[in-house]
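Here is a structure to read by question and answer. Look at it first, then follow the exchange.

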Amino acid sequence: MPTAATARLVSLSNAHPQAAPVFLAARRYNNMSSPKVEDTNGRHMLRMITFGKPGSGKGTLTARLVKKYDVTTLSSGDLLRRHINQRTEVGQEAEAIVAAGGFVPDDVMLRVVSSELDGLSGQHWILDGFPRTPGQAELLDVHLKKHSMPLTLIVNLDVPDDVLLSRISDRWVHLPSGRVYNLSYNPPRVPGYDDVTGEPLTKRPDDNPEVFARRLARFYAETAPILDYYANQASIASSPPRNPNLHPHQLSFPLSGPPTIKMRTLAGSTSDEIWPQLDGLIRGGFPALRERADTLEMKEKRRRHSLSEAVFAGELGSNAHVKDESVD
Ligand code: AP5
Ligand code: MG
């Protein structure tokens with residue numbers, strides 16, 4: 001069961017419906033030199049953690065970002081499921097742990113994630129589901145310091161507990177790709193089959209009420225404190241005194257200069273509430289992150305389509321408006 005303190009950490013939406021950005025002050029990765037947060041052209045790199053309870057939409061929203069922007073994602077859960085499927089050594093160790101809603105040991109997880117992460121140097125990336133314990137957060141820090149690629153954004157998805165279980169019961173996944181569907185929210189075009197490959201969808205073995213309850217309890221006990229871990233870094237490094245009336249995760253710390261880690265809690269129960277906040281945050285904070293060419297092309301097609309419709313409607317004497325709709 002969540003303690004009052006940890007419940008407070010992850011239920012920010014009730015206390016702070018309008019979550020404001022928190023700018024965590026500079027992290028000291030190296031005593032002598034500042035960590036790199038920009039590439040050689042001076043642009044900010046997106047190196048992000050998607051943080052949230054099981055079922056909060058980490059996978060779904062990250063996939064939307066990947067579809068829209070030129071960014072790569074690593075989901076620790078998907079990596080483990082792939083290992084399990086391929087019967088690797090890690091997979092054999094992880095299988096029973098994952099099915100029971102437990103946590104795979106920190107050092108194993110670091111190995112699994114870092115072996116993939118190291119190939120992403122110089123790219124924008126998002127970690128989904130890692131780190132998941134303060135121990136993993138520390139291991140990740142050390143690893144990223146060694147590779148001079150510090151984190152630049154932490155997004156905490158805050159979805160009420162009562163919404164989560166129904167989402168999980170309705171979830172179907174395409175195991176090889178990690179694509180996620182929901183019977184009511186984003187159903188596959190053909191029921192039971194993946195939109196892209198046409199292969200059958202499956203249920204995850206840990207998507208049942210008992211295991212889900214265990215995953216949620218574990219989240220409160222072991223994962224939620226990570227938010228404090230990052231906020232603590234800020235309180236050590238930030239010079240101005242904090243306002244004691246505000247929650248630390250909702251404060252903005254004035255910064256003396258780059259580099260910074262932004263941390264933002266996005267609260268909501270539906271995609272309509274969370275996606276625009278997330279998209280705005282990425283667009284506003286990381287202008288160097290390019291939209292994918294096909295996204296831009298589709299946008300242009302829509303714009304032209306709207307334009308021709310407007311012209312056509314105009315000829316018929318109607319008051320049509322041309323609107324540039326953004327593509328998800
Ligand atoms: P993992 O796969 O990471 O599971 P999790 O953290 O429990 O998160 P989920 O994948 O269940 O939820 P999600 O937030 O991605 O939600 P989703 O987008 O799918 O890990 C599985 C297991 O692996 C762990 O239990 C552990 O054993 C092990 N493991 C993994 N990482 C580890 C680590 N670092 N250390 C140790 N062990 C580790 O959405 C859920 C549903 O909601 C979907 O049906 C979706 O369509 C729907 N939905 C999503 N967003 C919305 C929305 N905005 N509105 C309406 N419906 C939505
Ligand atoms: Mg997921």
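**The ligand and its surroundings**

Student: Which side chain has an N or O atom 2.8 Å from an oxygen atom of ligand 1?
Tutor: Keep in mind that this is a predicted model. A pair of N or O atoms counts as a polar contact within 3.5 Å. At 2.8 Å from an oxygen atom of ligand 1, the side chain in question is that of Arg81.

Student: How far is an oxygen atom of ligand 1 from an N or O atom in the side chain of Arg132?
Tutor: Here, too, the protein atom belongs to a side chain, that of Arg132. Its partner is an oxygen atom of ligand 1, and the distance is 2.7 Å.

Student: How much of the area of ligand 1 does the protein bury?
Tutor: Start with ligand 1 taken alone, which exposes 1,000 Å². Then add the protein. The buried part of that area is 97%.

Student: Which elements give two or more residues to the shell around ligand 1, and which gives the most?
Tutor: Those with two or more are α3 (58-68), α4 (76-85) and β7 (179-182). One of them gives four residues. The element that gives the most is α4.

Student: What residues come nearest to ligand 1?
Tutor: There are 33 residues around ligand 1. Five of these stand out as nearest: Thr60, Gly102, Arg132, Arg171 and Arg215.

Student: How many residues of the shell are charged?
Tutor: Sort the shell around ligand 1 by residue type. The nonpolar group holds 10 and the polar group 14. The charged group holds nine.

Student: Which residue has a backbone N or O atom 3.3 Å from an oxygen atom of ligand 1?
Tutor: This time the protein atom is in the backbone. The distance of 3.3 Å is inside the 3.5 Å limit for a polar contact. The residue is Ser56.

**Rings and charges**

Student: How many aromatic pairs are there?
Tutor: Ring centres must lie within 6.5 Å to pair. By this rule the count is two.

Student: Is the pair of Phe51 and Phe219 stacked, edge-to-face or tilted?
Tutor: The two centres are 5.8 Å apart, and the planes meet at 55 degrees. Stacked needs under 30 degrees and edge-to-face over 60. The pair is therefore tilted.

Student: How far apart in sequence are the parts that this pair ties together?
Tutor: Phe51 is in strand β2 (residues 47-52). Phe219 is in helix α9 (residues 209-223). The pair therefore ties together parts whose separation in sequence is 168 residues.

Student: What kind of pair do Phe219 and Tyr220 form?
Tutor: Their ring centres are 5.9 Å apart. Their planes stand at 75 degrees, so the pair is edge-to-face.

Student: Which residues do the ring pairs link into a cluster?
Tutor: Phe51 and Phe219 are both buried. Tyr220 is buried as well. Ring pairs link into a cluster Phe51, Phe219 and Tyr220.

Student: Which ring has Arg218 over its face, and which has Lys262?
Tutor: Arg218 is 4.9 Å from the centre of the ring of Phe103 and lies over its face. Lys262 is 5.6 Å from the other ring centre, and that ring belongs to Phe286.

**Backbone and long-range neighbours**

Student: What peptide bond joins Phe130 and Pro131?
Tutor: Pro131 is in the loop between β4 (125-128) and α7 (134-146). Omega for the bond from Phe130 to Pro131 is about 0 degrees. The bond is cis.

Student: Where is Arg87, and is it buried, exposed or partly exposed?
Tutor: Arg87 is in the loop between α4 and α5 (89-100). Its phi is positive, about 55 degrees, although it is not a glycine. The relative accessible area is 46%, between the cut-offs of 20% and 50%, so Arg87 counts as partly exposed.

Student: How close in space are the C-alpha atoms of Tyr69 and Arg292?
Tutor: Tyr69 is in the loop between α3 and β3 (72-75). It is buried, with a relative accessible area of 1%. Tyr69 and Arg292 are 223 residues apart in sequence, yet their C-alpha atoms are separated by 5.2 Å.

Technical notes
Residues are numbered from 1 along each chain as its sequence is written. Chains are lettered from A and ligands numbered from 1 in the order in which they are written. This is a predicted model: local features need pLDDT of at least 70, side-chain atom pairs count only at pLDDT 80 or more; totals for chains, interfaces and linings use all residues. Side-chain values use heavy atoms; hydrogens and water are left out. A residue is near a molecule or strand if one of its heavy atoms lies within 4 Å of it. A polar contact is a pair of N or O atoms within 3.5 Å; within protein, one must be able to donate a hydrogen and the other to accept it, and residues adjacent in sequence count only if both atoms are side-chain atoms. Accessible areas come from the Shrake-Rupley method with a 1.4 Å probe; for residues, only the protein chains shown count as cover. Ala, Val, Leu, Ile, Met, Phe, Trp, Tyr, Cys and Pro count as nonpolar, Asp, Glu, Lys and Arg as charged, and the others, Gly among them, as polar. Rings of Phe, Tyr and Trp (its six-membered ring) pair if their centres lie within 6.5 Å; planes under 30 degrees apart count as stacked, over 60 as edge-to-face and the rest as tilted. Buried means under 20% relative accessible area, exposed over 50%, partly exposed in between (1.4 Å probe, protein chains only). A charge sits over a ring if NZ of Lys or CZ of Arg is within 6 Å of the ring centre and within 35 degrees of the ring normal.
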